[in-house]
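This report introduces one structure to a reader who has not met it before. It turns to charged pairs and then to the nonpolar interior.

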Amino acid sequence: MTDAAPKLRILIDHDLCVGNGQCVGLAPDVFRHDENVQSTVIDPAGAPVTIIVQAASYCPTGAIRVENADTGDVLFPPSE
């Protein structure tokens, strides 16, 4: 039996988001641009966790935070 992927909570800080689109390009089933050309989450289960974390890491302003929704553990950004 394989372990199921964790349920994710993806938070976007719209004070930081500049609409660069790196997340949308890498995970278009998870992220999209809203009417203000800022990223928004459409489906936190729309891609594998590794792709979502990679998309968050590509954000040039660090506007994306990825957490395990059940435990609250932060998957991205890494703790310092």
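In this predicted model, R65 and E67 are joined through their side chains by a salt bridge, with N and O 2.6 Å apart. The structure contains two salt bridges. The other partner of E67 is R9, and the closest N and O atoms of that pair are 2.7 Å apart. Because R9 belongs to strand β1 (residues 8-12) and E67 to strand β4 (residues 64-68), the R9 pair ties together parts that are 58 residues apart in sequence. R9, R65 and E67 thus belong to one network of salt bridges.

The accessibility of the three residues in this network is set out below.

| Residue | Relative accessible area | Class |
|---|---|---|
| R9 | 35% | partly exposed |
| R65 | 35% | partly exposed |
| E67 | 9% | buried |

E67 counts as buried because its relative accessibility of 9% is under the 20% limit.

The nonpolar interior comes next. The largest nonpolar core has 17 residues, and those that touch the most other members are I10, A27, V30, F31, I52, I64 and V66. Strand β1, helix α2 (49-58) and strand β4 each contribute at least two residues to this core.

V66 deserves a separate description. Apart from neighbours within four places in sequence, V66 is in contact with L8 and R9, with I52, V53 and A56, and with D73, V74, L75 and F76. R9, one of these contacts of V66, is also the residue that forms a salt bridge with E67.

Terms used
Residues are numbered from 1 along each chain as its sequence is written. This is a predicted model: local features need pLDDT of at least 70, side-chain atom pairs count only at pLDDT 80 or more; totals for chains, interfaces and linings use all residues. Side-chain values use heavy atoms; hydrogens and water are left out. A salt bridge is a side-chain nitrogen of Lys or Arg within 4 Å of a carboxyl oxygen of Asp or Glu. Helices (H or I, at least four residues) and strands (E, at least two) are DSSP runs, numbered from the N terminus. Buried means under 20% relative accessible area, exposed over 50%, partly exposed in between (1.4 Å probe, protein chains only). A nonpolar core is a set of buried Ala, Val, Leu, Ile, Met, Phe, Trp, Tyr and Cys residues joined through side-chain atoms within 4.5 Å. Contact means heavy atoms within 4.5 Å.
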